[in-house]
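Dear colleague,

I am passing a structure on to you, and since you have not worked with it before, I have written down below what I found when going through it. Please have it open while you read.

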Amino acid sequence: FSKFVTDSVLVLFSSYPGHPTLQSYLKAAIQDGLVSLPAFMTTFLQAARSPDLHEPSTLDVLCRISLEMRASLGGPTAPNRSNAFATSPATLLSTIRDAIVLLKTSYSLLIPQLQRLLPAVEKLVETLLIAVTPNDISNSSTAQAMACIEEAKEALQLYPLTPNIRNAIEGFAIILSFKSDDDPSLVREVQMLQNAQSSLGKGDILGSGSEFDTVSFHLLLYHLVRPIY
């Protein structure tokens, strides 16, 4: 039912971009439990792949509603809860992938009139990525993890990401490394994600051209302390 209601409102948004009444209805529906926040997030980010929803004011509104509702429903612990955005590991990785696609879409739409959109999308993606823990994706498939890595690599290579988003993607690579130990193909993909980051000369501790980037540092640190767990 949550998906049906969200789909219906998103269709209306395509005809009435950013309409205040639709905003109010969505917030009330989520607050009252008529629509669950995970279902809304999954449906919204999946629908955002369609050009029909690529209206800046609408995307901005939907991102801000997501962040506002997550904070209000989750209380003080909301910033540390990735499950506020998804109901299962498979859904979470799918939502992450769609969120990174939305980030790339926002860069492609960026023009002077769209200055509000990109910060909202960046904040949403950053909030989602930094909340993910290894346990959140422990039961997800390698195929899903690799699909997320592909989107992340493209974002790192092709778009002028801000430091916060770049750091969030780097942190996400660290989380994916928890799944990569027993899968050589995923190990290679995580390494390629690191290479995509370091090839831009950003995030390096010793500056551009350093062979020791921040992702490598954190991955090394993780493997050093892992026996403690």
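Among contacts in the protein chain between residues at least 6 apart in sequence, what percentage join residues at least 24 apart? The figure is 70%. Please keep in mind from the outset that this is a predicted model.

On confidence, the protein chain has an average pLDDT of 77, and 69% of its residues score at least 70. Two stretches call for care: over residues 75-80 the pLDDT stays under 50, and the model has six contacts beyond four places in sequence for them, while over residues 201-229 the pLDDT also stays under 50, with 38 such contacts in the model.

As for the overall build, the protein chain contains 10 helices and zero strands, and of its 229 residues 48% are buried.

The largest nonpolar core comprises 56 residues, and those with the most contacts inside it are Phe 13, Phe 40, Phe 44 and Ile 96. Two or more residues of this core come from each of helix 1 (2-15), helix 2 (20-31), helix 3 (37-47), helix 4 (56-74), helix 5 (89-109), helix 6 (117-130), helix 7 (142-158) and helix 8 (163-180). As background, nonpolar side chains in soluble globular proteins tend to be buried together. To take one of these core residues, Phe 13 has contacts, leaving aside its neighbours within four places in sequence, that include Gly 18, His 19, Leu 22, Leu 26, Leu 53, Val 61 and Leu 62.

Turning to the aromatic rings, the count comes to two pairs. In one, the ring centres of Phe 40 and Phe 44 are 5.8 Å apart and the planes meet at 20°, so this pair is stacked. Both of these residues lie in helix 3, four residues apart, which is about one turn of the helix, and Phe 40 and Phe 44 are both buried. The other pair, Tyr 107 with Tyr 159, is tilted, at 5.8 Å centre to centre and with 45° between the planes. Because Tyr 107 lies in helix 5 and Tyr 159 in the loop between helix 7 and helix 8, the pair ties together parts that are 52 residues apart in sequence. Tyr 107 has a relative accessibility of 12% and so counts as buried.

Helix 3 also holds Thr 43, which is buried with a relative accessible area of 6%. Leaving aside neighbours within four places in sequence, Thr 43 is in contact with Lys 3, Thr 6, Asp 7 and Leu 10.

I also checked the length of helix 7: at 1.5 Å a residue, its 17 residues should span 24 Å, and the end C-alpha atoms are indeed 24 Å apart, which agrees. The buried residues of helix 7 are Ala 145, Ala 147, Cys 148, Ile 149, Glu 151, Ala 152, Lys 153, Ala 155 and Leu 156, so that a Glu and a Lys appear on this list too.

Finally, a word on the cysteines. Cys 148 counts as buried at 0% relative accessibility, and Cys 63 is buried as well, with a relative accessible area of 0%. How many disulfides does the model contain? The count comes to zero.

With best regards

Technical notes. Residues are numbered from 1 along each chain as its sequence is written. This is a predicted model: local features need pLDDT of at least 70, side-chain atom pairs count only at pLDDT 80 or more; totals for chains, interfaces and linings use all residues. Side-chain values use heavy atoms; hydrogens and water are left out. A nonpolar core is a set of buried Ala, Val, Leu, Ile, Met, Phe, Trp, Tyr and Cys residues joined through side-chain atoms within 4.5 Å. Buried means under 20% relative accessible area, exposed over 50%, partly exposed in between (1.4 Å probe, protein chains only). Contact means heavy atoms within 4.5 Å. The expected span of a helix is 1.5 Å times one less than its number of residues. A disulfide is a pair of cysteine sulfur atoms within 2.5 Å. Rings of Phe, Tyr and Trp (its six-membered ring) pair if their centres lie within 6.5 Å; planes under 30 degrees apart count as stacked, over 60 as edge-to-face and the rest as tilted. pLDDT is the predictor's confidence in each residue, from 0 to 100.
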